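Biologist: I'd like a close look at one part of this model, please. Take your time and walk me through it.

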Amino acid sequence: MDGKLHRQVLDTQALPPRERFGMWLDMMASTPTPLRVRTAHADDFVARAEFVDLGRMQLIRYRYPSVDCVRTSKLIQRSDPDYYLLALTLSGTSQADQEGQRARCRPGDLTFYDCSRPHEVSHHADPAGSAYAHSIVALMPYDALPLPPRRLAPLFAGRMSGSEGVGGLVADFLIRITANPEQYHAADAERLGAVGLDLVATLLGRNLVSEDEMPTEVRRRALQAQVRAYVRQHLGDATLDPGAIADAHHISVRSLHRLFEDEETTVAAYIRDERLARCRRDLADPALSDRSIQVIAARWGFRDKAHFSRVFRTTQGETPQEYRARHLESARIVNSTASAVNLSRTY
């Protein structure tokens, strides 16, 4: 194992066309919340599911032809693990029906429902666009969220925006994690899941207009997640500092520092470490070897070359030049070896 967060992939294209839909049905039957699936494409069902395990939160990124799904009382009796599901529509149009409520969702919309209650879900590809519909779902056990089912019931099969506010943060989290899980460490899976659950809990609380009912710790961690996301989005701004971050989130600088009291870092150190991580990535990238170190440093908010060199050497134990040369040489050796292997295979 290389220590990176991995996804498990099921792709029906690995089988002959006549066996593809059966493979998909078997996969759906093995999930914690089995569904009855209907489709007009059963004779050649080209679909893909990518699973990312974040501890108490499981993410699944789907691509499939148009489908209609039902979770019946009989299926619930066979498998009733008490799960909630949050779905983000990426393309096509989707609809969720549960207990008399209905959500019609377009790309960028979120919907939420209780998997332990009967429901219907449909997702159709855009006739004028791709032949496939795309979505991401997050499965969460009941006790992973701080509000009881009776309080969440008004949100079942409801539509929530995934393009602004906390909904935008939730959607961004789902998209980023499932698009490139290998960018994260497997050891951080549980913590990433906790961040995702806090964001979902905050989203649901806001839509219930019941933020006061949210536990203080959940609100604190959700705000911290927003702050971290804001920092990552503004690393290139040399004026980014605790004051600017506090102003952007309508809190005092003192409150901002309190958010990080239980962490192993400070706000300023977090900004510095994130900037250095981006610089290390770019310095080690052969595709960016023609860019000067000063340009790379400035891209990530280090405007003073001397200051950047001091900070980099203090944290890395070597200069930016030494770091770059070492990594580019390693990449050159790897590429040369791969080329030699390919050449020998050719002959």
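Biologist: Which residues on the other side of α11 are exposed? And while you're at it, tell me about the rest of that helix and its two ends.

Modeller: Sure, and bear in mind that this is a predicted model. The exposed ones you're asking about are R310, R313 and T314. To see what they sit opposite, start with the helix itself: α11 covers residues 305–316, 12 residues in total. From first C-alpha to last it reaches 16 Å, close to the 16 Å expected at 1.5 Å a residue.

Now for the buried residues, which are F308, V311 and F312. Looking down the axis of α11, you'd find them within an arc of 100 degrees, so they line one face of the helix. The general rule helps here: an α-helix has 3.6 residues a turn, so residues three or four places apart point the same way. R310, R313 and T314, then, are on the other side of α11 from that buried set.

On to the ends. At the N-terminal end, D304 acts as the cap for α11. One of its side-chain oxygens lies 3.0 Å from the backbone nitrogen of A306. At the far end, just after α11, you come to G317, which takes a positive phi of about 80 degrees.

So, to put α11 together: F308, V311 and F312 are buried along one face, R310, R313 and T314 are exposed on the other side, D304 caps the N-terminal end, and G317 with its positive phi comes just after the helix.

Conventions:
Residues numbered from 1 in each chain as written. Predicted model: local features only at pLDDT ≥ 70, side-chain atom pairs only at ≥ 80, totals over all residues. Heavy atoms only, no water. Helix = DSSP H or I, 4+ residues; strand = E, 2+ residues; numbered from the N terminus. Expected span 1.5 Å × (residues − 1). Buried < 20%, exposed > 50% of the residue type's maximum accessible area, 1.4 Å probe, protein only. Arc of directions from axis to C-beta. Polar contact = N/O pair within 3.5 Å; in protein donor to acceptor, adjacent residues only side chain to side chain.
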